Amino acid sequence: MFEYAPAPESRDIVHIRPSYGLFIDGEFTDAKETIKTIDPATEEVLAEVGSAGPEEVDLAVRAARTAFETVWGPMPGRERAKYLYRIARIIQERSRELAVLESLDNGKPIRESRDVDLPLVAAHFFYYAGWADKLAHAGYGTKPLGVAGQVIPWNFPLLMLAWKIAPALATGNTVVLKPAETTPLTALVFADICRQADLPPGVVNIITGAGETGRLLVSHDGIDKVAFTGSTEVGRQIARSVAGTSKRLTLELGGKAANVVFDDAPLDQAVEGIVNGIFFNQGQVCCAGSRLLVQEPVAEEVLARLRTRMATLRVGDPLDKNTDIGAINSAVQLQRIRDLSEVGEQEGAERWAPPCELPEKGFWFPPTVFTGVSQAHRIAREEIFGPVLSVLTFRTPEEAIEKANNTPYGLSAGVWSEKGSRILWAAQRLRAGVVWANTFNTFDPASPFGGYQESGFGREGGRHGLEAYLEH
Amino acid sequence: MSTERLTVRKTYKLYIGGAFPRSESGRSYVINDGQGGFLANASRASRKDVRDGVTAARKAFPGWSARTPYNRGQILYRVAEMLEGRRAQFVAELRDTGLGKNAATEEVDEAIDRWVWYAGWADKLAAVLGSANPVAGPFFNLSTPEPTGVVGVIAPDSPLLGLVSVIAPAIISGNTCVVVASEPAPLPAITLAEVLATSDLPGGVVNLLTGHRAELAPWLASHLDVNALDLAGASADLTVECERAAAENLKRVLRPAESDWTADPGLTRMKAFLETKTIWHPIGL
């Protein structure tokens with residue numbers, strides 16, 4: 001092991017205000033109630049933000065409706081495009097500030113927020129900007145739905161905002177977006193970016209708050225479209241709440257992805273892919289490769305290499321440029337990871353984590369692997385949403401596919417083999433919306449993303465991502 | 001002395017897994033003609049029949065979805081050939097429901113042509129709905145449509161054209177289905193089942209139930225091995241009930257819409273029961 005000197009990214013670039021209001025109709029308005037957001041690496045309070053209640057949600061929806069009817073809906077696509085291009089450029093200009101803020105509020109390593117989240121956020125706006133005046137060629141019609149109510153999770157706060165807002169705006173809809181309770185800050189800076197871009201008031205409204213604010217938003221009569229990314233349980237509640245309405249719905253929910261390693265896989269690459277698959281963003285990724293399915297002849301070797309590699313992962317200060325694994329986003333999430341890991345041990349799986357020192361304050365969980373896991377174990381069935389890998393083995397390719405598909409989810413899957421025909425054979429049979437072959441956790445605005453079965457429905461990204469926001 | 005020949009009547013049963021069982025419940029209900037006269041007894045399917053239908057549909061799914069699109073297109077075209085051969089029978093059955101001769105003939109012709117139209121889509125959907133995605137990195141990246149799985153279908157009251165217009169788009173892409181036929185006019189559905197049974201369509205790809213919608217639809221909607229729902233023939237109240245139940249395993253739900261079954265159907269019904277799968281692979285030496 002190498003010793004590293006601390007290499008902290010400066011947080012001077014970020015100026016966090018003590019409190020933030022709700023962004024409604026182009027203005028920050030103080031909310032009646034507030035919540036606090038903390039830095040999960042230190043448990044220090046970062047700021048106080050508004051918690052929107054019924055009246056404030058209603059104001060935001062009304063502002064979005066007016067903007068839709070008077071400005072954004074009637075605006076020619078090529079003009080909308082230019083606003084989105086502007087936004088993309090300002091995001092690029094302010095990307096370091098946003099990356100640092102994201103790491104502070106979420107706990108993710110600066111290396112990821114800087115090199116993954118922010119470039120993808122800007123690219124997403126840039127990509128959908130170009131669609132705004134080309135909808136007639138996309139195959140989904142050109143008529144926007146109206147007002148979209150969007151609720152996003154805390155694992156990729158600004159990236160999920162981009163996935164929601166960029167296609168909605170490109171297609172001529174206006175939005176009311178609720179960021180996650182624990183990660184509201186980059187969304188509030190985004191509101192400021194909308195002002196810098198002179199985006200007409202009401203086109204984008206950002207209302208912060210907890211679950212109740214989200215519930216008020218998605219059940220509001222004044223919205224035409226609900227887009228939600230989050231847990232399958234909340235997804236079900238939302239699906240129930242829109243039943244009998246004319247609201248359109250897309251859901252991007254949980255997953256329990258299988259990462260299938262065949263005995264002819266390139267093992268070095270596969271081990272990197274396994275690590276990236278489950279430890280990227282502390283494993284708080286809906287498409288995380290949380291079930292490793294490895295073919296028996298190479299199982300021991302893969303596990304040995306995996307343990308060696310895991311021992312080099314650096315857990316700690318999210319703002320340190322050498323950090324691989326940052327803080328878990330909240331105490332609640334940390335507890336869930338701990339609970340399920342304990343269940344894993346109780347059910348008979350063998351737990352291993354490399355020795356690593358965890359900071360005293362903050363929410364931390366070491367990279368962990370469970371071996372001897374059976375399909376019946378809860379850690380093989382339930383989404384842990386943390387840096388915890390369950391390892392299962394298989395003998396035949398058919399068995400691998402059967403085990404991989406033995407889940408109510410179907411968001412993503414991985415397959416590792418040097419044999420082209422085997423890759424395509426497996427990819428064809430894996431019931432998942434994204435199949436990563438000899439790679440994992442790659443994302444691009446041009447590539448559709450979304451799940452089968454209880455991982456939700458609808459696609460975000462690519463031409464397919466326009467469908468959710470157009471009347472057809 | 002000549003006696004008038006007594007007609008051999010048909011017993012209308014269910015169509016599950018390629019066979020024609022009666023409802024396990026032993027129940028039936030009376031189907032009347034346009035004037036209110038007795039036409040036949042139809043099977044009144046039960047919850048158990050719904051579950052048997054879903055089991056059959058699930059069993060048929062891997063094989064049907066793994067067929068080449070060309071093969072599925074050929075089989076559906078074969079169905080159209082069989083429909084054409086039974087044209088007169090379908091016209092007669094539609095006239096029994098109260099349609100005039102011309103209207104009945106038009107509906108049958110339209111239904112056959114609709115089926116042919118969908119048959120041709122089998123090997124074109126991926127080209128039209130898929131995409132090669134230009135990602136910013138050294139990756140091959142391709143999106144293709146795939147069937148959702150088992151589709152529960154509440155067929156509309158248009159007894160033949162409406163029926164084929166909901167079945168064909170579900171199965172052409174590789175889904176299998178469990179269909180609740182029109183409640184007042186279910187007989188053409190069973191005749192259609194006879195066509196399907198003799199057209200090389202594997203048993204279980206289409207399962208047809210007759211009976212009371214309000215009784216059967218909620219069981220389909222809440223069944224955890226059903227992946228999607230077409231509520232074309234559901235009333236407003238039944239739609240809400242089914243949509244709520246469908247949320248439990250996040251079924252894809254196609255809500256009922258004002259439908260002119262003679263209009264160009266577009267891709268909507270096919271798209272509603274397709275998933276998009278995106279495959280990534282690195283490019284490199």
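How many bridges join strand β5 (residues 150-154) of chain B to strand β6 (residues 176-180) of chain B? In this predicted model, where local features need pLDDT of at least 70, side-chain atom pairs count only at pLDDT 80 or more, and totals for chains, interfaces and linings use all residues, the two strands run parallel and are joined by 5 bridges. Residues are numbered from 1 along each chain as its sequence is written, while chains are lettered from A and ligands numbered from 1 in the order in which they are written.

Strands here are DSSP runs (E, at least two residues), as are helices (H or I, at least four), numbered from the N terminus, and two strands pair if DSSP finds at least two bridges between them. Within the β5 and β6 pairing, B:I154 stands opposite B:V180. Both strands belong to an open sheet of 5 strands in chain B, ordered β7-β6-β5-β8-β9 with parallel pairing. Because β7 (206-209) and β9 (252-254) of chain B each have a single partner strand, one side of each is left without a neighbour in the sheet.

Chain A is described by whole-chain values. Its radius of gyration, taken over C-alpha atoms, is 22 Å, which agrees with the value near 23 Å for a compact globule of 472 residues, the rule being 2.2 Å times the number of residues to the power 0.38.

| Chain A property | Value |
|---|---|
| Helices | 14 helices |
| Strands | 20 strands |
| C-alpha trace along its principal axes | about 65 × 50 × 35 Å |
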